[in-house]
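Biologist: Let us take the labels on this model one at a time. I want each one set against its cut-off.

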Amino acid sequence: MPDFPFPLMIFAAGFGTRMGALTAERPKPLIPVAGRPLIDHALRTATEAGVRRVVANTHYRAEQLAAHLQPHGVHINHEADRILETGGGLKAALPLLGPGPVALLNSDGIWTGANPLVQLAKAWDPVRMEALLLLLPLAQTLAHGPKGDFRLDAQGRISRGRGGEDHVYIGACILAPDRVAASGEEVFSLNRPWNEMIAAGTAFGLVHQGRWCDVGHPEGIAAAERLLRDHG
């Protein structure tokens with residue numbers, strides 16, 4: 001298996017409030033889906049892609065996540081005082097990730113088909129791109145909801161903000177972190193640097209060759225288990 005060329009950050013710090021009682025005593029990434037903790041599906045994606053360095057951020061029920069992740073060789077960046085959101089979480093973890101582009105993966109999704117990280121790495125062009133986001137047409141997503149996130153043009157660039165957003169970001173991307181590192185804020189969403197990249201014409205999208213299910217709420221668990229059963 002060839003080595004994956006980028007370090008990977010898995011986002012795992014959230015409270016999981018949409019999961020209700022399921023996260024009363026454990027963090028959302030440890031909720032079982034098809035017989036294994038949700039985050040283990042992301043770790044399997046990383047292993048199959050040949051990722052060499054994985055970092056995860058933690059906050060809610062952090063001790064449980066750390067105990068689960070450290071035997072897997074995952075480096076932990078603990079957000080002790082408050083959740084830093086996606087942009088702030090990545091900024092805080094950059095010393096553990098090292099210089100250069102990074103891959104990002106949400107811990108609350110299930111992917112089937114081609115490996116999300118391998119697809120992104122093959123399509124990454126550092127000359128043209130500051131971000132490459134993995135997308136699916138809204139109609140092909142499972143348990144996501146009625147709204148898309150981006151439009152995708154014929155050149156592969158993404159945009160949003162004028163309506164007609166018919167593609168969904170499915171929780172995997174490669175990102176040049178310079179704008180994140182340069183932010184003067186501690187707590188911020190990745191949507192801010194993404195919007196700057198969209199304005200600069202350096203934010204691109206790639207359509208996933210497979211299926212994806214959002215497991216951010218209880219209904220997503222059953223949908224994800226059906227997807228895995230049908231796929232496997």
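Biologist: Why does C173 count as buried?

Modeller: The relative accessibility of C173 is 0%. Buried means under 20% relative accessible area, exposed means over 50%, and partly exposed lies in between (1.4 Å probe, protein chains only). At 0%, C173 is therefore buried.

Biologist: What are the ground rules here?

Modeller: This is a predicted model, so local features need pLDDT of at least 70 and side-chain atom pairs count only at pLDDT 80 or more, while totals for chains, interfaces and linings use all residues. Residues are numbered from 1 along each chain as its sequence is written, and side-chain values use heavy atoms, with hydrogens and water left out.

Biologist: How do you know whether C213 is buried or exposed?

Modeller: The same way. C213 has a relative accessible area of 0%, so it is buried.

Biologist: How many disulfides does the rule give?

Modeller: The count is 0. A disulfide here is a pair of cysteine sulfur atoms within 2.5 Å. For C173, the nearest cysteine sulfur belongs to C213 and is 20 Å away. For C213, the nearest is that of C173, again at 20 Å. Set 20 Å against the 2.5 Å limit, and the pair therefore fails.

Biologist: How do you know that the length of helix 1 agrees with its residue count?

Modeller: Helices are DSSP runs of H or I with at least four residues, strands are E runs with at least two, and both are numbered from the N terminus. Helix 1 covers residues 38–49, which is 12 residues. The expected span is 1.5 Å times one less than the number of residues. That predicts 16 Å. The end C-alpha atoms are 18 Å apart, which agrees.

Biologist: Why call helix 1 largely enclosed?

Modeller: Because 9 of its 12 residues are buried. Among them are L38, I39, D40, H41 and A42. After the helix comes G50, with a positive phi near 85°.

Biologist: What makes a region a pocket?

Modeller: The work is done on a 1 Å grid over the protein atoms alone. A cavity is a set of points where a 1.4 Å probe fits but cannot get out. A pocket is an open set with protein on both sides within 12 Å along at least five of seven lines. Lining residues have an atom within 4 Å of a point. Points are joined across faces, edges and corners, and the volume is the space filled by probe spheres set on them.

Biologist: How much space lies in the largest pocket?

Modeller: About 850 Å³. It has 34 lining residues, and the closest to its centre are R18, K28, T86, N106 and D108. Strand 11 gives the most to this lining, with 5 residues. By class, the lining has 15 nonpolar, 12 polar and 7 charged residues. Nonpolar covers Ala, Val, Leu, Ile, Met, Phe, Trp, Tyr, Cys and Pro; charged covers Asp, Glu, Lys and Arg; the others, Gly among them, are polar.

Biologist: What about the second largest pocket?

Modeller: It holds about 330 Å³. Of its 16 lining residues, R44, T45, E48, W111 and L228 are the closest to its centre. Helix 1 gives the most, with 4 residues. The split is 6 nonpolar, 7 polar and 3 charged.

Biologist: Why is the contact of K28 and D108 called a salt bridge?

Modeller: A salt bridge needs a side-chain nitrogen of Lys or Arg within 4 Å of a carboxyl oxygen of Asp or Glu. K28 and D108 meet at 3.0 Å, N to O. The two lie 80 residues apart, K28 in the loop between strand 1 and strand 2, D108 in the loop between strand 6 and strand 7. Both are buried. The structure holds 10 salt bridges.

Biologist: Which partner does R151 have?

Modeller: E165, with the closest N and O atoms 3.4 Å apart. R151 sits in strand 9 and E165 in the loop between strand 10 and strand 11, 14 residues apart. R151 is at 14% relative accessibility, so it counts as buried. E165 is at 21%, so it is partly exposed.

Biologist: And what joins R179 to E196?

Modeller: A salt bridge, with the closest N and O atoms 3.6 Å apart. R179 is in helix 5 and E196 in helix 6, 17 residues apart. R179 counts as partly exposed at 29%, and E196 does too at 36%. Shared partners join E130, R179 and E196 into one network of salt bridges.
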